[in-house]
Each structure stands twice: as C-alpha cells, then as structure tokens.
Amino acid sequence: MNTYLQFSLGTDIAKLTLAMRLVSIGSSPEVVGKPQTFENTAQGHQEVFQWLHQQGAGPTNTQVVMEATGVYWEAFAFFAYEQGFTVCVVNPAQIKYFARTILMRGKTDTMDAELIARFGAVMSPHRWEPPSLEMEHLRLIMRQRDAYVAMMTEETNRLHALEGHAHPHKEMIKITKKHVRFLEQQIHRMEETFKDTLNNTPAWKRHIELLMTIPGIGLITAGTLLTETNNFAAFVDAHQLTAYAGLSPAPFLSGTSVRGKTKISKIGNARLRRALYMAALSAIRSDSVFKRQYQRLREQGKPCKVGLVAIARKLALVAFALIQSQQPFNVEHVSVRH
C-alpha cells in the first residue's frame, strides 16, 4: 500500500451510474465533500477525475475502491488505473462483513459508496493489476464456454423430462435435441477458440501444459486456473491462491465449549473453486498420489466432501508450485504443505 495515500474513494457501480463518496485516510476517517453521482460512461469517468482534482485528491494520493460485482466495474477500474490511481477491486463479501463490524443499517447507493470508501481507508486492500488484453480475451472465452455448459445442462434435463412424460410431445423433443446439439457445437467452438488464442502466447501455453501434467487437471481446469488468476500474477504465495479460491479452512471455535465443524470459507472466486473441486473428483478416480491421500482421509473417518475439498486445496497448492518452478508434476510437489 502506498504510504502517501490521503484519500479513499468508495465507488458503488451500477450499469448506468457511479455513486461516489470520498473519505480521508487516517486513524479516524472523515468524509470529504458531498456525495456524488456520475454516469458510468467515458464522459462520466472524466468528470469523476475533474471532481477529485477539485477536492485535492489526485492519482498520487488517492485509492479508488470498488466491488467486483458483474462486469460494470471494469470500465471505470481500467480508466482509474490508466490515470495512475491506486485501484482496489475487492470481494463483495468483504464489504458485507465489514458493514457488520460497524453496525451499518440501511442501504442506499450513497451509503454503500461511503461503506466501500471506509473499508478502503481502514483495511488497506491489495492493489489491483489489470490483466492484459490477451488474458482478458482468454477469460471471456472460458466464461462463455461455462455459460454454454450451464445452458446445455438445463436443456439436457429438460429433454429427459420431456422423454419421460406420460404423453411425450415429439416435436418438442425434436426441438430440444436440436438445441442440445447446437450447444455442444458452441462448447466445442469455444474450446477450439481458446486453444487457437493460446497459441499466440507461448509462455501461457507452456503454463497450461505444465498444469495438465497434474493428475485430474485437463485443459478446462488448466484454462480456468490460468484465466481466473491472471496467470497467477496476483498471488505472493500458494496460501493466497487457496484463500482466493475460497478453499481456506474457516475454524468455528469459541472458548472451551463451542466447537463447530471447520468449513471452507467460500469467500472467493466461485469459478476457480468449482474447477478445482471437479478436478479433485477426477484426481481421486485416477491411479495417483491424490487418490491415495483421499483414501487415507476416508480411512481416518473424514466425510467424502471433506476429503474432496482437501484434495482440491492440494491441487491448488501443487498448481502454484508448478508455475513457480516451471517444472512438470512429480510426487515431490505433493509434499507442499497447507
């Protein structure tokens, strides 16, 4: 965090508007000026810059804080970054829990903007670094593929229901089958597009190949790991990666009498967590060290899901180790401790 920062700009972003609140950074953050609302357009972004200048808040002394919800935050995040501001894009769950700590009541765009600003002033979130255009394109391809997979699952379930109906409607079954085939084609097209795009970046292609040497990890999981972590650039160590994926253990203990079950936090990137969990399912079905680890956990009385989450977390740790070492998988990587 830049030690010269004086202001934290909280930004509550919607499709059409930006609600702004500026607070000072210090032992007792105070609001600066009046709440502002701007259009979420290129012109509106310029007007934000001009308003901040009037408040004495410039790129060298101001951090811009926003939530990572949807896609509407991205344009302003890129704009602020290009202007030289310290940009912090935070998990909405962090803002939610911060609101509880200050006993915040009520919800308006202005209140949300002030809450985000105060979070930035107090918590000093990590600085956001935007992905390259090429990485952004790869991520969009992978996410579109995920969307098609979700749609195909829905259509397949609908097809099964139609076929199992007491009085099947042949024309509806025919139309649904046609839609399923179309979605299958689109999924294949996205995968081929991903491969073609990846060929233009040899270093990233090498990382995909390294990740695919891990039992249980194929092209889709490797692609998700690459694109959802910005090629692992956002993490200092593997523990940050598991926390970002929401796979870090969250103990539930209080005093000597309250001892709830330890669960994963789930505060993180759901796409990454889902990909690693599915990879764990694949890994325990292969003749690999991960299968043996899973079997040991089950023999110790651990539930099936607990064992799978442990393997998913281990896969994340191993993936990070491979990218750091630039070496293909071997069993020594599994000794990486949680």
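The questions and answers below go through the pockets, helix contacts and backbone of a predicted model.

Me: What volume does the largest pocket have, and which residues lie nearest its centre?
Reply: The volume of the largest pocket is about 1400 Å³. Its lining is made up of 41 residues. Those that lie nearest the centre are Val-89, Asn-91, Trp-128, Ala-234 and Tyr-244.

Me: Which element gives the largest share of the lining of the largest pocket?
Reply: Several elements each supply at least two residues of this lining, among them helix H2 (74-82), strand S5 (86-90), helix H3 (92-101) and helix H4 (109-123). Helix H5 (133-163), helix H8 (219-228), helix H9 (238-244) and helix H10 (270-283) do so too. The largest share is 4 residues, and it comes from H5.

Me: How many residues of the lining of the largest pocket are charged?
Reply: The lining divides into three classes, with 21 nonpolar residues and 12 polar ones. The charged residues number 8.

Me: How are H5 and H8 set relative to each other, and is the crossing left-handed or right-handed?
Reply: The axes of H5 and H8 come within 9 Å and cross at roughly 135°. An angle over 145 degrees would count as roughly antiparallel, and 65 to 115 as roughly perpendicular. The two helices are therefore oblique to each other. H5 passes H8 in a crossing that is left-handed.

Me: Which residues of H8 make the contact with H5?
Reply: From H5 come Met-135, Leu-138, Arg-139, Met-142, Arg-143 and Arg-145. By class, the contact of H5 with H8 has 5 nonpolar, 3 polar and 4 charged residues. On the H8 side the residues are Ile-220, Gly-223, Thr-224, Leu-226, Thr-227 and Glu-228.

Me: What is the orientation of H6 to H8?
Reply: Helix H6 covers residues 170-198, and its axis comes within 12 Å of that of H8. The axes cross at roughly 55°. That angle makes H6, relative to H8, oblique.

Me: Which residues of H6 meet H8, and what is the handedness of the crossing?
Reply: H8 brings Leu-219, Ile-220, Gly-223, Leu-226 and Thr-227 to the contact, and H6 brings Glu-191, Phe-194, Lys-195 and Leu-198. The residues of this contact divide into 5 nonpolar, 2 polar and 2 charged. The crossing of H6 and H8 is left-handed.

Me: How many cavities of 30 Å³ or more are there, and how much space lies in the largest cavity?
Reply: A cavity is a space where a 1.4 Å probe fits but cannot get out. The count of those of 30 Å³ or more comes to 1. The space in the largest cavity is about 30 Å³.

Me: What classes of residue line the largest cavity?
Reply: The lining consists of Leu-9, Val-48, Phe-49, Leu-52, Val-64, Phe-76, Phe-79, Ala-80 and Phe-85. Helix H1 (42-54) and H2 each supply at least two of these residues. With no polar and no charged residues, the lining has 9 that are nonpolar.

Me: Where are Asn-230 and Gln-326 found?
Reply: Most residues other than glycine have a negative phi. Asn-230 has a positive phi near 55°, and Gln-326, not a glycine either, has a positive phi of about 60°. Asn-230 is found in the loop between H8 and H9, and Gln-326 in the segment after helix H12 (304-325).

Definitions and conventions. Residues numbered from 1 in each chain as written. Predicted model: local features only at pLDDT ≥ 70, side-chain atom pairs only at ≥ 80, totals over all residues. Heavy atoms only, no water. 1 Å grid on protein atoms, 1.4 Å probe; cavity = no way out; pocket = protein on both sides within 12 Å on 5 of 7 lines; lining within 4 Å. Points joined across faces, edges and corners; volume = space filled by probe spheres on them. Nonpolar A, V, L, I, M, F, W, Y, C, P; charged D, E, K, R; others polar. Axes fitted to C-alpha atoms, helices over the stretch in contact; angles between N-to-C directions. Parallel < 35°, antiparallel > 145°, perpendicular 65-115°, else oblique. Left-handed = near helix turned anticlockwise from the far one by under 90°. Contact = heavy atoms within 4.5 Å.
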